[in-house]
Amino acid sequence: MTPARPAPAPPTATYRLQLQPAFPFAAAAAAVPYLASLGVSHLHLSPVLEAVPGSPHGYDVVDHARVREELGGEEGLRALARAAREHGLGLVVDIVPNHMAMAPRHNRALWEVLREGPKSPYARWFDIDWEARGGQVLVPVLGHPVGTELEHLRVDGGVLRYYDHVLPLREGTEDLPLPQLLDAQWYRPVWWRLARTELNYRRFFSISELIGVRVEDPEVFEATHGKILQLLHEGVVDGLRVDHPDGLADPDAYLERLHEATGGRWTVVEKILADDERLPDSWPVAGTTGYDALRRVDGLFTDPAGARELLALYRRFAAPQTDRGGDWAATARRAAYGVLSHELAAELDRLTRLASRLCASAPDPALRDRAPWALRTALVELLVRLEVYRPYASGDPARVVTEEAAEEARSAFMVPEEAGAVDAVRALVLGGEGPLREEFRARFAQTASALRAKSVEDTAFYRYVPMLAANEVGGEPGRPGVSPEEFHAYCARVQRDWPATGTVVSTHDTKRSADVRAALAVLTECPARWDRVLEQVTRAEEEVPDGQLAWAAWQTVFGLGPAAPERVREALLKHVREAGLYTSWTEQEPPYEEAVAAFLAAGPCGAPGERVTALREALEPHIRANVLGTALVHLTMPGVPDVYQGTEAEYRALVDPDNRRPVRFPPGDPGEKAAVTEAALRLRRHRPGVFGSAATYEPLAAEGPAAEHCLAFARSGEAVTAVTRLSLRLAEAGGWRDTRLPLPPGRWRDALAPEREFSGHARVAELFAPLPVALLERAAG
């Protein structure tokens, strides 16, 4: 392999582009001059390797050895890299080590495994339980049970066909009658509904179309990373974003191997951290992709007292049921139980079998003679009580699977004598030697991360909706507010420990863009006004499917503002299916979904919705303050900011696919937000030392009657960020009055209005006269 070049400097800021057939490498290259003019240092590309044809995202990789032809192939990527270099930009790419597409027709490695079975040289690639289901890989492609689908299965041209699905045939089986042929294969086509309980391969979360890859195997790592490493070593690519490392058997070892193979290139990992969780110190990465930063930035512009008032109003509006109204922790716990008994039932079965084998052969009497049902119950009760995504080999698993959680889990047993199964399972998680124990710990951790993602992000976030802005990746709906003191402490820690970590406020995975969340956060400053408007619109609308949905729908219309009704309908249909209370993706209830569509057409997307948008218009000055404040804080706080495509200007988007639509450049009227974004990005690029790894972060405290509404900090004594927070509360309290902001010594020029200068104690009312934010740069001399 070609030796790695010296690692380039970390980015000063990245710009995320969602590549797809409608926006290939050539389109990205055409946008390079504009993107370079913004002041970013690198383009951040979604996955570039060969994916399922037509894929709008690229996370369903089918061939790690080829750059995706639909995007322009390797030459197209290299041409984009050359265009970027000509304008002083580098490339960062997204890699997907955890899974590939379960699409044998396009995934040739998987095709060989299905044809040749466990003896295939590719069998080691995929996380398949060959001991289960009679040694056949279950392939969930049938629309109904196999007995009713035999007439649609046929052998043709040396393959097995089922509508558009094509599967290989084991050698010598072509002439067998169909029932015998199915028994003779290394796989078995099954009804897609069996995915919940019967599948014998690891998936990405509960997505059966994505099969887990065993990158812990060195040969698999080399085969699946060769092309990306070549592009890195040849200077085509400069850095990496690692998708979902929590799904891997051993993230610690994987990241060590990746670090060594890349020569230490700038790498960030998509890791969701709880408020009091820290990224493992031993990980050789620059940091996370930035959802921990998103949570702190959003929290700054949320009024905690108002959020509590909104919760009380929501409980009254949506009815006091556990999954509707009352308690975030209870809602998340209930969702976790449901996910383990349905979507992740197959993973739970595999864990239970492993635990039973380990206990049956254990020399420790405390582990032996544990009934499988008791071990399964113990696994469930411990998994639902984890407050982070997973334990790591480099950490202390006892801090994740705590004694407090074990005590709660024991109380769930009706027969006290069986509660010892909790201690048996916890002992397996916490330690012990041997390959089987290592496998158990890895699968426990993988299941925990899938459970957390599915139960919290993809279920509970759609059931508990008092303030939609808090229901974001990395968010904490039970405590949405973040004080200035908490924010400053977080920034100081990041600058000290992870100064080159990524930061984001909008991504391809956020359920609402930062500008939509910024608008929704204003509702925490005026819950009574929101309540009055809801009383007006709900009186005007008689047919409401359920209160939880209605509350979420009205907030969606408020946050999004005037928009095409189909965007709202699509997002709310996804909302009710993800919530899974009355309908779901796998068990759709047409009468309920029709009622939802009728309600949206007559209410939020109809004339009553105009009253909600009228409230939005009345609150526009305060939404503006949040939008600009969020943008400026994100772009100047410690870390490397990632600007999602189009968000340099005002960008209102809902959950995917709404937020993955192709963007034209430049994206519409630039406006104030674009001016703030460009000023911050250019300052970062022209003065990297002010914001980089050797920079400093210093909180600045305003003085006077409205000091709590000014959030300010200095970077390396050379730049000052100041923003307005909770501006509606500020206006109601009488404005800034004589509030002042002490500045570091010297003269300071406003980067947004260079003719303005400040020194000493700046009057905040004057500082924020043109805009509710200010970015000051130390004046020369």
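The exercises below work through a predicted model of one protein chain.

**Exercise 1. Overall dimensions**

Task: Decide whether the radius of gyration of the protein chain agrees with that of a compact globule.

Solution:
- Step 1. For 781 residues, a compact globule would have a radius of gyration near 28 Å.
- Step 2. The protein chain has 27 Å, which agrees with that value.
- Step 3. The C-alpha trace spans about 85 × 65 × 55 Å along its principal axes.
- Step 4. Of the 781 residues, 61% count as buried.
- Step 5. Among contacts with a separation of 6 or more, 74% come from residues 24 or more positions apart.
- Step 6. The secondary structure comes to 28 helices and 24 strands.

**Exercise 2. A helix pair**

Task: Describe how helix α20 packs with helix α21, giving angle, axis distance, handedness and contact residues.

Solution:
- Step 1. Two packed helices are described by the angle between their axes and the distance between the axes.
- Step 2. For α20 (residues 547-560) and α21 (residues 565-579) the angle is about 145°, and the axes are 11 Å apart.
- Step 3. The crossing of α20 past α21 is right-handed.
- Step 4. On the α20 side, the contact is made by Gln548, Leu549, Ala552, Ala553, Thr556, Val557 and Leu560. On the α21 side it is made by Arg567, Val568, Leu572, His575 and Val576.
- Step 5. Sorted by class, this contact has 8 nonpolar, 3 polar and 1 charged residues.

**Exercise 3. Burial in helices**

Task: Establish how many residues of helix α8 are buried and which elements they pack against.

Solution:
- Step 1. Helix α8 covers residues 291-300, and 10 of its 10 residues are buried.
- Step 2. The buried residues include the charged positions Asp292, Arg295, Arg296 and Asp298, along with Tyr291 and Leu300.
- Step 3. These buried residues pack against helices α17 (484-497), α18 (514-521) and α24 (620-636), and against strands β16 (287-288), β17 (502-503) and β20 (710-715).
- Step 4. Because 10 of the 10 residues are buried, α8 is largely enclosed by the rest of the structure.

Task: Is threonine 447 buried or exposed, and what is it in contact with?

Solution:
- Step 1. Threonine 447 lies in helix α16 (residues 435-457).
- Step 2. The relative accessible area of threonine 447 is 6%. Buried means under 20%, so threonine 447 is buried.
- Step 3. Leaving aside neighbours within four places in sequence, threonine 447 is in contact with Leu340, Leu344, Glu347, Leu351 and Leu383.

**Exercise 4. Two hairpins**

Task: Trace the pairing from strand β8 through β9 to β10, and find the residues with positive phi.

Solution:
- Step 1. Strands β8 (residues 153-156) and β9 (residues 159-162) run antiparallel and are joined by 4 bridges.
- Step 2. Valine 155 has leucine 160 of β9 as its bridge partner.
- Step 3. The hairpin of β8 and β9 has 2 residues between the strands, and glycine 157 in the turn has a positive phi of about 65°.
- Step 4. β9 is also joined by 4 bridges to β10 (residues 165-168), again antiparallel, with tyrosine 162 opposite histidine 165.
- Step 5. The hairpin of β9 and β10 has 2 residues between the strands, and tyrosine 163 takes a positive phi near 50°.

**Exercise 5. A parallel set**

Task: Identify the strands that pair with β14 and state whether its faces are covered or open.

Solution:
- Step 1. β5 (residues 90-95) runs parallel to β14 and is joined to it by 4 bridges; valine 93 has leucine 240 as its bridge partner.
- Step 2. β15 (residues 266-269) is likewise parallel to β14, with 4 bridges; here leucine 240 is partnered by threonine 267.
- Step 3. In a regular strand the side chains alternate between the two faces of the sheet.
- Step 4. In β14 (residues 239-242), Gly239 and Arg241 lie on one side and Leu240 and Val242 on the other. All four are buried, and both faces are covered.

**Exercise 6. An antiparallel sheet**

Task: Give the strand order, the edges and the helices of the open sheet of 6 strands.

Solution:
- Step 1. The order is β19-β20-β21-β24-β22-β23, with antiparallel pairing.
- Step 2. β19 (697-700) and β23 (753-763) are the edge strands, each pairing on one side only.
- Step 3. The twist from one strand to the next averages 30°.
- Step 4. β19 and β20 are joined by 4 bridges; tyrosine 697 is partnered by arginine 715.
- Step 5. α24 packs on the sheet, touching β20, β21 (719-724) and β24 (773-778), and its direction makes about 155° with that of β21.
- Step 6. Helix α25 (residues 671-686) lies across β21 and β24, at about 25° to β24.

How values were computed: Residues are numbered from 1 along each chain as its sequence is written. This is a predicted model: local features need pLDDT of at least 70, side-chain atom pairs count only at pLDDT 80 or more; totals for chains, interfaces and linings use all residues. Side-chain values use heavy atoms; hydrogens and water are left out. Axes are lines fitted to C-alpha atoms, for helices over the stretch in contact, and angles run from 0 to 180 degrees between N-to-C directions. A crossing is left-handed if the near helix is turned anticlockwise from the far one by less than a right angle, and right-handed if clockwise. Contact means heavy atoms within 4.5 Å. Buried means under 20% relative accessible area, exposed over 50%, partly exposed in between (1.4 Å probe, protein chains only). Two strands pair if DSSP finds at least two bridges between them. The radius of gyration is taken over C-alpha atoms; the globule rule is 2.2 Å times the number of residues to the power 0.38.
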